[in-house]
Amino acid sequence: TSDNDGLTFEKSFSISVNNVNEAPNDINLSANTILENNSVGDLIGTLSTIDQDIADTYTYSITSGEDRFEIIGDQLLAKVAFDFEASDTHEVVIVTSDNDGLTFEKAFDVVIIDIADQILGLNEISKEIVVYPNPTKGYVTISWNAYHSASVVDINGKLINTFESNILDLTTLKNGVYYINLKGLNDEQFVIRILKE
């Protein structure tokens, strides 16, 4: 500040910026597939919210699709048993709300996986093949007396890994649908559709 004679005084001030709560800006769903003929209450995926205010907590609700889906906590669950032949996808619209009631809404397509023909090319030999668990969270066991080897490919046909052991380690794969190409001791080949959760 300067007076009439040009004499001055100087002082510094600290300006505090107060945080304002912003609305959430996205919702993530950890997985969006489920095998048909599922049980009511089966887990489809886990929800999470993207928000600048990382300390906020969130609640989730369904605005469309509540006849087929339900949310408990942050988990999206099946409310009905799905039938691939009736429809291979169903839409669900989810809203996330933060501590102050600010919201964000997003639609997801849940894909129904057909399990009627998990083994492609059924015959008497293929009836001896058991692959479990399916869906899997990591390891898959092949039970087949004539087992020789297996290769795992993604839905685009890209080779992921090959195995000679009858226990397949899929722990590093992202959640989704894969195909296991089985080869027998007499060069029989079968394809198994599997879901990684």
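For the charge count used here, Lys and Arg are taken as positive and Asp and Glu as negative, with His and the chain ends left out. On that footing, the protein chain carries 11 positive side chains and 32 negative ones. The centres of these two sets sit 7 Å apart. Like everything below, these numbers come from a predicted model.

What does the chain look like overall? A look at its secondary structure turns up 16 strands and zero helices. The C-alpha trace stretches over about 105 × 40 × 25 Å along its principal axes. The radius of gyration is 26 Å, whereas a compact globule of 197 residues would come in near 16 Å. As for cover, 39% of the 197 residues count as buried. The accessible surface adds up to about 11,900 Å², and carbon and sulfur atoms make up 48% of that. Turning to contacts with a separation of 6 or more, 59% of them are between residues 24 or more positions apart.

A good place to start on the strands is β12, which covers residues 147-154. Most of β12 is tucked away, with seven of its eight residues buried. One pairing partner of β12 is β13, made up of residues 159-163. The two run antiparallel and are joined by four bridges. Within this pair, V153 faces L159 of β13. Together β12 and β13 make a hairpin, with four residues in between. G157 is in that turn, and its phi is positive, at about 85°. Strand β12 also pairs with β15, which takes in residues 176-184. Here too the sense is antiparallel, this time over seven bridges. One of the matched pairs is A150 with L182, the latter being the bridge partner in β15.

Another set of pairings centres on β6, residues 75-78. Strand β5, residues 69-72, runs antiparallel to β6, and four bridges hold the two together. I71 has L76 as its bridge partner in β6. These strands form a hairpin as well, with two residues between β5 and β6. In the turn, G73 shows a positive phi of about 65°. Strand β6 also pairs with β3, residues 43-50, again in the antiparallel sense, through three bridges. In this second pairing, T46 lies opposite Q75 of β6.

Two threonines give a closer view of how residues are placed. The first, T33, belongs to β2, a strand of residues 33-35. Is T33 buried or exposed? With a relative accessible area of 14%, T33 is buried, because the cut-off for buried is anything under 20%. Apart from neighbours within four places in sequence, the contacts of T33 are I44, V111, I113 and L195.

The other threonine, T63, is part of β4, which spans residues 59-64. Its relative accessible area is 42%, so T63 counts as partly exposed, a label for values between the 20% limit for buried and the 50% limit for exposed. What does T63 touch, leaving aside its neighbours within four places in sequence? The contacts are V93, V95 and E105. K106 also deserves a mention: T63 and K106 are 43 residues apart along the chain, yet their C-alpha atoms are separated by 9.7 Å. As a general point on strands, side chains in a regular strand alternate between the two faces of the sheet.

Finally, there is the loop between β10 (130-132) and β11 (139-143), where P133 is found. The peptide bond joining Y132 and P133 is cis, with omega at about -10°. P135 is placed in the loop between β10 and β11 too. N134 and P135 are likewise joined by a cis peptide bond, and its omega is about 10°.

Note on methods:
Residues are numbered from 1 along each chain as its sequence is written. This is a predicted model: local features need pLDDT of at least 70, side-chain atom pairs count only at pLDDT 80 or more; totals for chains, interfaces and linings use all residues. Side-chain values use heavy atoms; hydrogens and water are left out. Two strands pair if DSSP finds at least two bridges between them. The radius of gyration is taken over C-alpha atoms; the globule rule is 2.2 Å times the number of residues to the power 0.38. Buried means under 20% relative accessible area, exposed over 50%, partly exposed in between (1.4 Å probe, protein chains only). Contact means heavy atoms within 4.5 Å. Accessible areas come from the Shrake-Rupley method with a 1.4 Å probe; for residues, only the protein chains shown count as cover. The place of a charge is taken as NZ of Lys, CZ of Arg, CG of Asp or CD of Glu.
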